[in-house]
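Reader: I am in my first year of study and should be grateful for a close look at a single part of this structure. Please choose one sheet and describe how its strands are arranged and what surrounds them.

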Amino acid sequence: LKSSMNNTGNKAEYYKIDSVEKIYINGVLTPRDSESIYIDATKGELSEVFVTNGQVVNAGDSLFTYKNTNVEAQISEINDQITSNENSKSALNKKLTNTKNTLGEKENQLNKLQKQLEDAVINESLEIESINMNIQQITAEVQAYKEQVSAYSDQIETLDSTLNTLYNKKEKLNGEKAFTVTATIGGKIVLSSNEKDYTQPYIVIETEELIVKGVVSEKDFSKIKVEDNISVNIISENKTIDGKVLQIDDRPISVTELTSIQGASTNSSNISYYNVLITLNSQEGLINGFHSQGKITLGDDTIKVLKTSVIKEDNKNYVFVDADGLIDKVEITLGEEEGEYVIVTSGLKENDMVMKNPTSETKEGNKSE
């Protein structure tokens, strides 16, 4: 305690309750995280929407689907090309099969002629010359059919390559025909009523957890740190919630952003402000957009009084304080004892002047000097 006693004559002695520096951070309740999703006209037209305004979704949930009519037209054109090439391939396969069959017949015929020639040579037959002529003719035909088989095979191979390319294109376009957008975070859906306004988000996902987005001036910037305990008063409800400092930005914010938090009367011409994010220990009854004021206490703000200052009457505890030159009797609530002091949990505030040793003659309303 900081002593401030009045020791003149027999006058009562007083001491002042210590004051501790406090940093105040004005802020607004805002979702801890958010995702803004815009309509991308290059992906097509909005086809099906799977969410409604105010709905809560999880990360990975489907939000809406695009339908790309241009892609559908391309797929239709590719299907026509595939059909044409498949028909050509089928016709070539039939020709190839027929040619291979004919080639087989000619090769069998050639084998028989060669056997006939062997027999004719052995028997010194007069048909040797005729058989040789037939062999030459059939050999030429076999060669021609082999070349035809090779040509048909090459054409079919080319068609297979073309079809493979077409099927790959079709598969890729099918993936683009109906594109589904999914949520990357969980939270509540804010759905736009105008899907044609591409300058504004069509869907905003806001996490259900609310935090305080506040500001700290450059005068107090170096006095606070992440993980500092903070007491946050929700102004409109006069409700106080404990929390912690989550983040302190090191870049000053704009006047526009500052005004949205501090109000239009903010005078920031000669001082910079920095964003501070604050997490809260409770989410009960919190409303997005409500304003708040946080308080960080720099040091121990526990209020203590000397045990000699406390008097007890009717099971209640009191102290006498100097109230503008008059003695005032104040009821207090006591906490734990600490040596010659006792903690006061309610009834006193910083800078109160407390009488050190009241007596039975001390009367409320008398002059304090």
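Author: The model shown here is predicted. A suitable place to begin is the pairing of strand β2, residues 22–31, with strand β14, residues 291–297. These two strands run antiparallel to each other and are joined by 7 bridges. One position may serve as an example: Ile25 has Gly294 in β14 as its bridge partner.

This pair belongs to a closed barrel of 6 strands, in the order β2-β10-β13-β12-β11-β14, and the pairing is antiparallel. On average, neighbouring strands of this sheet are turned by 40° against each other, with direction ignored.

The barrel may now be followed from β2 to β10. These strands also run antiparallel, and 5 bridges join them. Here Leu29 has Val212 in β10 as its bridge partner. The next step in the order leads from β10 to strand β13, residues 273–280, again in the antiparallel sense, with 6 bridges between the two. Within this pairing, Lys213 stands opposite Leu277 in β13.

Strand β10 deserves particular attention. It covers residues 210–217, and 7 of its 8 residues are buried, so the strand is largely enclosed by the rest of the structure. Ile211 is found in this strand. Its relative accessibility is 2%, and Ile211 therefore counts as buried, since the cut-off for that term is under 20%.

What does Ile211 touch, if residues up to four places away in sequence are not counted? The contacts are Val28, Leu29, Thr30, Pro31, Arg32, Leu277, Ile278 and Thr279. Among these partners, Leu29 is 182 residues apart from Ile211 along the chain, yet the C-alpha atoms of the two are separated by 5.6 Å. The contact list can be read beside the strand limits: Leu29 is one of the residues in the range 22–31 of β2, while Leu277 lies in β13.

A second sheet offers a comparison. It is an open sheet of 4 strands in the order β3-β9-β8-β5, with antiparallel pairing. Its edge strands are β3, at 34–37, and β5, at 56–57, each of which pairs on one side only. Strand β3 is joined to strand β9, residues 203–206, by 4 bridges in the antiparallel sense. In this pairing, Glu35 has Ile205 in β9 as its bridge partner.

Beyond β3 comes a loop that leads to β4, at 45–49, and Ile39 is placed in this loop. Is Ile39 buried or exposed? With a relative accessibility of 12%, Ile39 counts as buried. Leaving aside residues up to four places away in sequence, Ile39 touches Leu46, Phe64, Tyr66, Glu195, Tyr198 and Tyr202. Of these, Glu195 is 156 residues apart from Ile39 along the chain, and their C-alpha atoms are separated by 7.2 Å.

A helical position may complete the account. Thr99 lies in helix α1, which covers residues 69–123. Thr99 is buried, with a relative accessible area of 7%. Its contacts, again without residues up to four places away in sequence, are Tyr145, Gln148, Val149 and Tyr152.

How values were computed:
Residues numbered from 1 in each chain as written. Predicted model: local features only at pLDDT ≥ 70, side-chain atom pairs only at ≥ 80, totals over all residues. Heavy atoms only, no water. Pairing = 2+ DSSP bridges. Axes fitted to C-alpha atoms, helices over the stretch in contact; angles between N-to-C directions. Buried < 20%, exposed > 50% of the residue type's maximum accessible area, 1.4 Å probe, protein only. Contact = heavy atoms within 4.5 Å.
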